[in-house]
Amino acid sequence: MEVKKTVMVALAGRPNVGKSTLTNAIVGEKVSIVTDKPQTTRHRICGVRQRGDIQFVLVDTPGFHKAQNRLGDYMDGVVRAAVGDVDAVMLLIEPSEKVTKAEELLIEQIKRSGAPCILVINKADTLENKENLLPVIAKYSTLYDFDAIVPVSAREKDGLEVLLDELSKFAVESPPLFPEGETSDQPEKQMMAELIREAMLKCLDKEIPHGIAVEIEKFSQRNSTDIVDCEAVVYCEKASHKGMIIGKQGAMLKKISTMARLEMEKYMGAPVYVRIWVRVKENWRDSLSLLKNFGYEQ
Ligand SMILES: Nc1nc2c(ncn2[C@@H]2O[C@H](COP(=O)(O)OP(=O)(O)OP(=O)(O)O)[C@@H](O)[C@H]2O)c(=O)[nH]1
Ligand SMILES: [Mg+2]
């Protein structure tokens, strides 16, 4: 069906509430990486989904948090900019009455932007009793007059049609913002870097994966085959971190490479050869020039 209307919607919320999971669930494929660690997403990533004659553009953003370095400042800036630049906002929360500073600040941003806002209570599958939603709804209703409140489970893909129905109300007549069939604005090369970062977040503990940046040095198709060659450099912040990333006789790096390769092959639909080097760049998260170098630039 021809696209006649579009609606661009930002997903905002504190780290780990499931913004990227919800983006992927609505799009129907993985466009944004997901892990159980907070601060997984660092960029603004658009996911695209068509239903009927409406094109939905989901703007996934980094979790809003109290920034502790310049990378964090950049990430929070991405959220602020996204909230001010869309047809509607979804504020994602977990089913809890506890309102954190991040949610208070986001509600302030939303008020200031004047964009319509839907409160999305995610992870509804974790509730034993749906009645437990009522105090959450009551609490949040005192903070802001939301245009709608929709409980969903991004993981179980539950409640998504109702959510899309609500979002449809903010669609505007427009030619498509993305060409038909395109599901994301993220270049393949950047997705490869993200999938390596995802594997590192999953395999490594504590601070280490948060201090990692990935740079793709080679990404090309091998002559007259469908094989993709990918070479990447992973930057970490300390020599001791480098040791842990590589592991005993390279075991950890091998585990990370394999995990990343499987996801890359799924994404590319072709065999992928991955080689990863590890280098140390101290305090890159506070260096404006290195942040820019790694693509973290407004
Ligand atoms: N039980 C349950 N878990 C969920 C649901 N949605 C997401 N999760 C889990 O929550 C964790 C965080 O999910 P993400 O999608 O990465 O969260 P995010 O909000 O994008 O996080 P940041 O990018 O760090 O801000 C992952 O372990 C998900 O599997 C849900 O509906 N139910
Ligand atoms: Mg995310």
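**Exercise 1. Locate Lys-123 in this predicted model and decide whether Lys-123 is buried or exposed.**

Solution. Begin with the secondary structure: Lys-123 sits in the loop that runs between β5 (117–121) and α4 (133–143). Next, count the surroundings: 21 other C-beta atoms lie within 10 Å of Lys-123. A residue is called buried when 20 or more other C-beta atoms lie within 10 Å of its own. Lys-123 is therefore buried.

Then list the contacts. Leaving out residues up to four places away in sequence, Lys-123 touches Gly-18, Glu-94, Pro-95 and Ser-153. For a distance along the chain, take Phe-146: 23 residues separate Lys-123 and Phe-146 in sequence, and their C-alpha atoms are 19 Å apart.

**Exercise 2. Describe the residues around ligand 1.**

Solution. The shell around ligand 1 has 24 residues. The closest are Gly-18, Ser-20, Thr-21, Thr-41 and Gly-63. Gly-18 also appears among the contacts of Lys-123. Sorted by character, the shell holds 13 polar, six nonpolar and five charged residues.

**Exercise 3. Work out how β2 and β3 are arranged.**

Solution. First, the burial of β2: this strand spans residues 45–51, and five of its seven residues are buried. Second, the pairing: β2 and β3 (residues 54–60) run antiparallel and are joined by seven bridges. Within that ladder, Arg-49 faces Phe-56 of β3. Third, the turn: two residues lie between the strands of this hairpin, and Gly-52 adopts a positive phi near 60°.

**Exercise 4. Find the largest nonpolar core, then follow the contacts of Val-9.**

Solution. The largest nonpolar core comprises 52 residues. Those with the most contacts inside this core are Val-9, Ala-12, Val-59, Val-89, Leu-91 and Val-120. Helix α2 (residues 70–83) supplies the largest share of the core, seven residues. As background, nonpolar side chains in soluble globular proteins tend to be buried together.

Now take Val-9. With neighbours within four places in sequence set aside, its contacts include Phe-56, Val-57, Leu-58 and Val-59. A further run of contacts goes from Val-86 through Asp-87, Ala-88 and Val-89 to Met-90, and Leu-167 is also in contact with Val-9. Another core, of 28 residues, lies apart from this one and has Ala-193, Ala-213, Cys-236 and Val-274 among its members.

**Exercise 5. Assemble the sheet that contains β8, β9 and β10, and place the helices that lie across these strands.**

Solution. Step one is the pair β8 (residues 213–221) and β9 (residues 228–236), which is antiparallel over eight bridges. Ser-220 is opposite Asp-229 in β9, and Gln-221 is opposite Val-228. The hairpin between these strands has six residues, and Ser-224 has a positive phi near 45°.

Step two is the pair β9 and β10 (residues 272–280), parallel over nine bridges. Here Val-228 has Val-272 of β10 as its bridge partner.

Step three joins the pairs. The three strands make an open sheet of mixed pairing in the order β8-β9-β10. Its edge strands are β8 and β10, each of which pairs on one side only. The average twist from one strand to the next is 15°.

Step four adds the helices. Helix α6 (residues 188–203) lies across β8, β9 and β10 and runs at about 130° to β8. Helix α7 (residues 239–246) lies across β9 and β10, at about 155° to β10.

Note on methods
Residues are numbered from 1 along each chain as its sequence is written. Chains are lettered from A and ligands numbered from 1 in the order in which they are written. This is a predicted model: local features need pLDDT of at least 70, side-chain atom pairs count only at pLDDT 80 or more; totals for chains, interfaces and linings use all residues. A residue is buried if 20 or more other C-beta atoms lie within 10 Å of its own, exposed if 12 or fewer, and partly exposed in between; C-beta atoms are placed from the backbone. Helices (H or I, at least four residues) and strands (E, at least two) are DSSP runs, numbered from the N terminus. Two strands pair if DSSP finds at least two bridges between them. A nonpolar core is a set of buried Ala, Val, Leu, Ile, Met, Phe, Trp, Tyr and Cys residues joined through C-beta atoms within 7 Å. Two residues are in contact if their C-beta atoms, placed from the backbone, lie within 7 Å. A residue is near a molecule or strand if its C-beta atom, placed from the backbone, lies within 6 Å of it. Ala, Val, Leu, Ile, Met, Phe, Trp, Tyr, Cys and Pro count as nonpolar, Asp, Glu, Lys and Arg as charged, and the others, Gly among them, as polar. Axes are lines fitted to C-alpha atoms, for helices over the stretch in contact, and angles run from 0 to 180 degrees between N-to-C directions.
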